Structure formats: structure tokens, C-alpha cells
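Me: Got a model here and I'd like to go through the labels people put on it. Can you take my questions as they come?

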Amino acid sequence: MELLFIVLAGLIMGGIARYLFPLRETHGVVLMPAVGAITAAIIWEVLTWLGWPYDGGWIWVVTLIVTALVVAITPPVLGRSRRAHDRAQLTALLAPSARGTKARA
């Protein structure tokens, strides 16, 4: 049951991050909530496998802080990367060799 709550918290954090950080037009609507939910689930499970008690407070604190950091870092990094890739792709497509025309001498 605790895993369900922590995944829901990650989903909510990702949803908030979607609209809190810039460059949201570079990725889909569901990406950040999915990143938050998946991150929270993975961190929770890893800490559980390491022997942290699921009814203890520290597993909650660590999971929520790590999830918040991941969903705060991902949108700007992803957005900048996507914009750079899009610019490079557009430049390549607009190059004379990409259009199939030969430069006249």
C-alpha cells in the first residue's frame, strides 16, 4: 500500500514539474508525471531491498527528495537537449545537399 502512495506522490510531483519549469513544449504532457512515478517507485524499491523499513520515516523522506530532484532536473536538461537536436536537424535538412540540389559553379 505504501508503494501506491509513493508512486502517487511521484506522479503529482511530476505533474507539478510539468507546469513549473520552462521548455515544456519540448516534451509530451505525460512524460514528467511518468518520470516522477517511475523514479519514486524505483527509489522506494531499492531502499526496501536495502532493508529500510517501509513504515519508517527516512524511506519516505529520501524517496520524496530524490524524486523531487529528478523531476526538477529533467525538464530543463531534456528541453535544452531537444532544442539543440531540433536545431541541428533543421540545419541539416535546410543544407543544399539535403534538398537534392547541386550548387552551380
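Reply: Sure, what follows covers salt bridges and then one helix. This is a predicted model, where local features need pLDDT of at least 70, side-chain atom pairs count only at pLDDT 80 or more, and totals for chains, interfaces and linings use all residues. Residues are numbered from 1 along each chain as its sequence is written, and side-chain values use heavy atoms, with hydrogens and water left out.

Me: What makes Glu25 and Arg83 a salt bridge?

Reply: The term asks for a side-chain nitrogen of Lys or Arg within 4 Å of a carboxyl oxygen of Asp or Glu. Here the N to O distance is 2.4 Å, so the pair qualifies.

Me: Why is Glu25 called exposed?

Reply: Exposed means over 50% relative accessible area, buried under 20%, and partly exposed in between (1.4 Å probe, protein chains only). Glu25 has 56%, so exposed fits. Arg83 has 34%, so that one is partly exposed.

Me: How do you know that Arg82 and Asp86 are separated by about one helical turn?

Reply: They sit 4 residues apart in helix α3. An α-helix has 3.6 residues a turn, so residues three or four places apart point the same way. The side chains of Arg82 and Asp86 also meet in a salt bridge, at 3.3 Å, N to O.

Me: What span should the 19 residues of α1 have?

Reply: Helices are DSSP runs (H or I, at least four residues), numbered from the N terminus. The expected span is 1.5 Å times one less than the number of residues, so α1 should span 27 Å; its end C-alpha atoms are 27 Å apart, which agrees.

Key: Helix = DSSP H or I, 4+ residues; strand = E, 2+ residues; numbered from the N terminus.
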